[in-house]
Amino acid sequence: MRRSTPTAGLALALFATVTATLAAPAASAAPAPVTAAPALAAAAPDISVTNVQAHLTQLNSIASSNGGNRRAGSAGYTASVSYVKAKLQAAGYTVTEQVCTTCTYRSNNLIAEWPQGPTDQVVMFGAHLDSVSAGPGINDNGSGSATLLENALVLAQQNPSMTKRVRFAWWTDEEQGLNGSEFYVNSLSATQRGYIKGYYNFDMVGSTNGGYFINRLTSTTAAPLKAYWDSLNLQPEENVEGQGRSDDYSFQQAGIPTSGYAAGASARKTSAQAAKWGGTANSAYDPCYHRSCDTTGNISATVLNRGADGVAYALWQLAVGGGTPTNDFSVAVSPTSGSVARGGSTTATVSTATTSGSAQTVSLSATGAPSGVTVSFSPSSVTSGGSATMTVSASATATTGTFTVTVTGTGSVTRSAAYTLTVTGTGGCAGGQLIGNSSFESGSTPWTATSGVITNSSSQAARTGSYKAWLDGYGSSHTDTLAQSVTIPVGCASYTLSFWLHIDTAETTGSTAYDKLTVQVGTTTLATYSNLNAASGYAQRSFNLAAYAGQTVTLKWTGVEDASLQTSFVIDDVTLQVG
């Protein structure tokens, strides 16, 4: 996704275009919005997230072999086009490369059309294939490109009867201003534009702290995308951050109905979003946005999987026909990740939902667990709409590491969800001090903090060393955060979180808490401090975290300061000692 946001004039132009599209009478030259069928004409396939990740691995390797990026016009971009093109041609697509002569970097769009369905009834799916020059661009936008590639390959493999023509596009030069897609749209005649009944854009659909966003959420065009995520109870939101910043805007300007998925870029997740989607509040959806760390490690398999399956659902709803509506269901796991120590166990909830037709019996199974780990379900089968408890147990000799476990529901169709499992320890209590960089002397890693919080400023002294975490102290409305995720082993006798806190304030009240520091583990508040707790020097604060054994949790400190009179919350020497 390109960095710049629309100007006020651009936003007004977009509003005018969308308003005109919605208000156009039946005789208007603008194409009619795509109308989603009330139920699937045929069961949409389950898109393998493993296959999508394999494409991302190839794109990452291409970048590594070509200067570390896949910027439009570079050797890395050309190799990316060749990789995608070869896959599509082998699958039977009609593939063309369009040279973008007006792009900042002269390079090619890649257009692939499945040669079935009426040529004057086109549903189009697109993603930009280029990265910024700073890195390989695996989330931005290898994730959208790989998602569409695997959907295209599955469509070709299944070869269903088609009610509409499906066209896929991989755009160049998006990062320099949507140039590739704009060039394509401008190359179409008015008649050719009228053939396109809907354009769906997918830009950054695997963000590690991601959300679930849909372009033009309440539009008719968005209905099939929203229906699938609604079936998973994801409660998607409008893609406000991405408005006017990706290739769907080129189609909107031409009066073509648009929608699409996104998981978020540099904007920060709100507390309300973290409560319903998980992840870390007040942190970027993608912490590696437009950076060199946007590699295959910067992808959430769960978010990516839900996006890929949603694309398939929409494609089948919009363009695949034949037969009687099929009974179908979805599978989801909550939480989407967990940790277990050797000799221990952990649980998660597997939920199912009927997405079309009637409810059916769904048998549950799991694959991908490492040696020494067993996965069981209670009950082992449910009626779609029901849920089961998944228990993951590790033997004393289980293989340690992090693994992707695929939870599969089998009925008249097969559906799956990804669960990230971390196996730790050598049996019994894997004790020790769990907080990384506990005195802040080694930079910010592995902490996540608001800019300027981790500092060696002499204005507030550290308890030990030179660095500490200094939240607030501005004397104006301000919020600072400090967080670190830790995996807490099972089998220990004690779990003690401790930190040293110094509170300095200019507030004069003895009764009103104007400025506050909240300490949380996950979504649970451990304590709240305020200007009323101000004192000279540091005081140690300690908490028992035994209730979180066997879990990966985020420890978080949030300082909120009001409009006047500073309060500084200074934290040092944070430890989580288990033993």
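Here, partly exposed means a relative accessible area between the buried limit of under 20% and the exposed limit of over 50%. K276 fits that label, with a relative accessible area of 31%. Keep in mind that this is a predicted model.

**Charged pairs**

The salt-bridge count comes to six. Three of these pairs are set out below, with the N to O distance for each.

| Pair | Closest N to O distance |
|---|---|
| E113 and R165 | 3.1 Å |
| E113 and R167 | 2.6 Å |
| E237 and K276 | 3.0 Å |

Let's start with E113. This residue sits in strand β2 (residues 107-113), while its partner R165 is in strand β4 (residues 165-171), so you are looking at a link between distant parts of the chain, 52 residues apart. The other partner, R167, also lies in strand β4, and its pairing with E113 ties together parts that are 54 residues apart in sequence. Shared partners join E113, R165 and R167 into one network.

How buried are the members of that network? E113 is buried at a relative accessible area of 17%. R165 counts as buried too, at 12% relative accessibility, and R167 is buried with a relative accessible area of 12%. Each gets that label because the value falls under 20%.

Now for the E237 and K276 pair. E237 belongs to strand β7 (residues 237-238) and K276 to helix α9 (residues 271-277), and the two are 39 residues apart, so here too distant parts of the chain are linked. E237 counts as partly exposed at 25% relative accessibility, and K276 is partly exposed as well, at 31%.

**A buried lysine with no salt bridge**

K556 is worth a look as well. You'll find this lysine in strand β27 (residues 552-561). Which side chain of opposite charge is nearest to K556, and how far away is it? The answer is D480, at 11 Å. A salt bridge needs the nitrogen within 4 Å of a carboxyl oxygen, so K556 has none, although it is buried.

What does the side chain of K556 reach instead? It reaches the backbone oxygen of A281, at 2.8 Å. Setting aside neighbours within four places in sequence, K556 is in contact with A281, N282, T481, L482, A483, T518, V519 and Q520. A281 therefore turns up twice for K556, as a residue in contact and as the owner of the backbone oxygen that the side chain reaches.

Methods:
Residues are numbered from 1 along each chain as its sequence is written. This is a predicted model: local features need pLDDT of at least 70, side-chain atom pairs count only at pLDDT 80 or more; totals for chains, interfaces and linings use all residues. Side-chain values use heavy atoms; hydrogens and water are left out. Helices (H or I, at least four residues) and strands (E, at least two) are DSSP runs, numbered from the N terminus. Buried means under 20% relative accessible area, exposed over 50%, partly exposed in between (1.4 Å probe, protein chains only). Lys and Arg count as positive and Asp and Glu as negative; His and the chain ends are not counted. A polar contact is a pair of N or O atoms within 3.5 Å; within protein, one must be able to donate a hydrogen and the other to accept it, and residues adjacent in sequence count only if both atoms are side-chain atoms. Contact means heavy atoms within 4.5 Å.
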